[in-house]
Amino acid sequence: MKFEGTSSYIATEDLKVAVNAAITLERPIIVKGEPGTGKTMLAHEVAKSLDAEIITWHIKSTTKAQQGLYEYDAVTRLRDSQLGDEKVKDIKNYISKGKLWNAFESDKRPVLLIDEIDKADIEFPNDLLLELDKMEFFVYETGETIRAQNRPIVIITSNNEKELPDAFLRRCFFHYIKFPDPNTMEEIVEVHYPDIKKDLIQEAFKIFYDIREVPGIKKKPSTSELIDWLKLLMTDDVDAKILREKDPKKLIPPLHGALLKNEQDVHLFERLAFISRRENENVE
Amino acid sequence: MFINFFFDLKQASLPVSLKEYLMLMEAMNKRVVDSFNVNDFYYLSRSALVKDERYLDKFDRVFGHSFKGLENPEGETTKEIPEEWLKLMGQKYLTDEEKKMIESLGGWDKLMETLKQRLEEQKKRHQGGSKWIGTGGTSPFGAYGYNPEGIRIGQKEGKNKKAVKVWDKREFSNLDGDVELGTRNIKIALRRLRKFAREGAETELDLDNTIKSTAHKGYIDVKMMPERRNKIKVLLFFDVGGSMDAHVKICEELFSAARTEFKHMEYFYYHNCLYDAVWKDNNRRYNDNIKTWDVLHTYPSDYKVIFVGDAEMSPYEITYPGGSVEFWNEESGETWLTRMLNVYENAIWLNPIPERYWDRIASTSIIKQIFSDRMFPLTIEGIDQAMRELNK
């Protein structure tokens, strides 16, 4: 079992090494990185390339570790008992399986994506420590132990909103997806739009990386935003010449709404455009 | 063989543990990567040993240091580059004119020999110029170009990335915890300071208790409990004006991060040292100030106190009554600081000046002493330590 990237996902060399290490050693891998660098995508692509089932567990601020294992529905049971339902005699009827249980039960080695683990409470990862390490847990209500038939490939993404506990990190591999350089970016775009015009890409890249370099910008545009913007440029059939436009009056790139996502950034950009326009006029 | 590397990492105070080292060994044992490839080993060890992007840069530096002898750019290149490939690249990128020039030099074999010879002669790294293998000019090797960090043939942009050692590029330098500060990072650092408790209005259903009580009583008896909240309470004191002007940005960031992070937070301003009054609005500091005694009496001792200031002043401003540069203070700054520390057990000082200069500034040493060494640099690392200290 080896992950080599797929036709729709460009994986860098270091990412492949990290993922393969996690697969071989059956340890979880934590993926961090700027928003929009394809952290969640990675899990889906790993599943695709290994032809494995993907089980996704989205974490919210209210998610508890127990919910990933199983939940015991006491309220329904209480109601059933008052109605005299026969079901009430077997406690198993009121235990609903969590994502981890599903993953452990799977016949073929699945990919388990724990998405945005940092959204949960600070203690959340600690509560899953043993379960992810041993890949087993105990169901108190029925007294059975659930053990993984095939240790799932666990991919955990984090947006760095909370620090993860050391004990948890020690058991995982770690990869930080850095923002792709122009070469990698070109490959990524090619995967998404194979028939895009070369000159359009070049000009669009220039603008894109320029915007990312603007000091003080609140939200830097990311890969997914570039992809969206290129799509818009293609559907509107914008010519590369317009992007190359050095006319100071049109310094704001066309369809910039796809790249700049808050009004402060748009204002900042307009102000900068205004300043450079004035400078140009002075030169003339 | 890698034990030394592991201890180098430890020495550089990277948080690596034996478990992680064993994990790396296991991965090597199971042949996750080809062990003869340094780059793959670098990626693997990075992924197994580093668990936070803050440490990536430090890791790169240690790796570069530990495995310095392993890859010698000058020595190995002659062996590494297959001649066939060179030829191919040459034919692809050379003009007819250049090819003729090669012929005049005695053909490919001769040329390769000279190249090897030159590489051996050339002991030092070389940048620019025309005699050695460099860029352009009179050297017959000009067309290929020689990268000072390794070898790059043909100048096809970035396709042979391996030429430059990956870890030498230090791509993660701006993620180092000692360097970068932004509100987001400060927030994460501040989150160390948390103590959850259920207090206040009962708004959540306490399921366990409800079931228990229901079973006990025989009818449905709903029990509620208060929501879990961070109950940490913080007093922030900011030094403003004078030498602090240079640190305004970082203080703003700390302030905005603290405000979103702590529900119970009060802030005050002071100048240089704490005296008998503080204020909340810098424009009205002389008319509308708050007596320090009032602060001490208003906020109970379970508040955590954070002082932010460069602690850079004349020592008299701390130790003598009347030492303040702005007004006549009846009691010395030291007296006031000690009073503060007597009330609030958990107090620390954050200093925007890098730690290595502290010993050279007399006033900084005095304050550090008053705070019994609980002074931390205003970096992510420092805030992190400070929050641990406050949590004690």
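**Exercise 1.** In this predicted model, describe how α1(A) and helix α3 (residues 38-49) of chain B pack, giving the angle and the distance between their axes.

*Solution.* Begin with the geometry: the two helices, α1(A) and α3(B), pack at an angle of about 60 degrees, and their axes lie 9 Å apart. Angles of 65 to 115 degrees would count as roughly perpendicular and those under 35 as roughly parallel, so α1(A) is oblique to α3(B). The handedness completes the description, since the crossing of α1(A) and α3(B) is right-handed.

**Exercise 2.** Find which residues of α1(A) and α3(B) meet, and sort them by class.

*Solution.* From α1(A) come A:Glu13, A:Asp14, A:Val17, A:Ala18 and A:Ala21, and they meet B:Asp40, B:Tyr43, B:Leu44, B:Ser47 and B:Ala48 of α3(B). Sorted by class, this contact of α1(A) with α3(B) has six nonpolar residues, one polar and three charged.

**Exercise 3.** Place this helix pair within the whole contact between the chains by stating how many residues each chain gives.

*Solution.* Chain A gives 25 residues and chain B gives 27 residues. On the side of chain A that touches chain B, α1 (13-25), α4 (74-83), α8 (166-170) and β9 (173-177) each supply at least two residues, and the largest share, eight residues, comes from α1(A).

**Exercise 4.** Locate β9 in the sheet of chain A.

*Solution.* The open sheet has five strands in the order β2-β5-β8-β1-β9, with parallel pairing. Both β2 (54-58) and β9 stand at the edges with a single partner strand each, so one side of each has no neighbour in the sheet. Five bridges join β9(A) to strand β1 (residues 29-33) of chain A, and A:Gly33 stands opposite A:Ile177 in β9(A).

Conventions
Residues are numbered from 1 along each chain as its sequence is written. Chains are lettered from A and ligands numbered from 1 in the order in which they are written. This is a predicted model: local features need pLDDT of at least 70, side-chain atom pairs count only at pLDDT 80 or more; totals for chains, interfaces and linings use all residues. Two residues are in contact if their C-beta atoms, placed from the backbone, lie within 7 Å. Helices (H or I, at least four residues) and strands (E, at least two) are DSSP runs, numbered from the N terminus. Axes are lines fitted to C-alpha atoms, for helices over the stretch in contact, and angles run from 0 to 180 degrees between N-to-C directions. Angles under 35 degrees count as roughly parallel, over 145 as roughly antiparallel, 65 to 115 as roughly perpendicular and the rest as oblique. A crossing is left-handed if the near helix is turned anticlockwise from the far one by less than a right angle, and right-handed if clockwise. Ala, Val, Leu, Ile, Met, Phe, Trp, Tyr, Cys and Pro count as nonpolar, Asp, Glu, Lys and Arg as charged, and the others, Gly among them, as polar. Two strands pair if DSSP finds at least two bridges between them.
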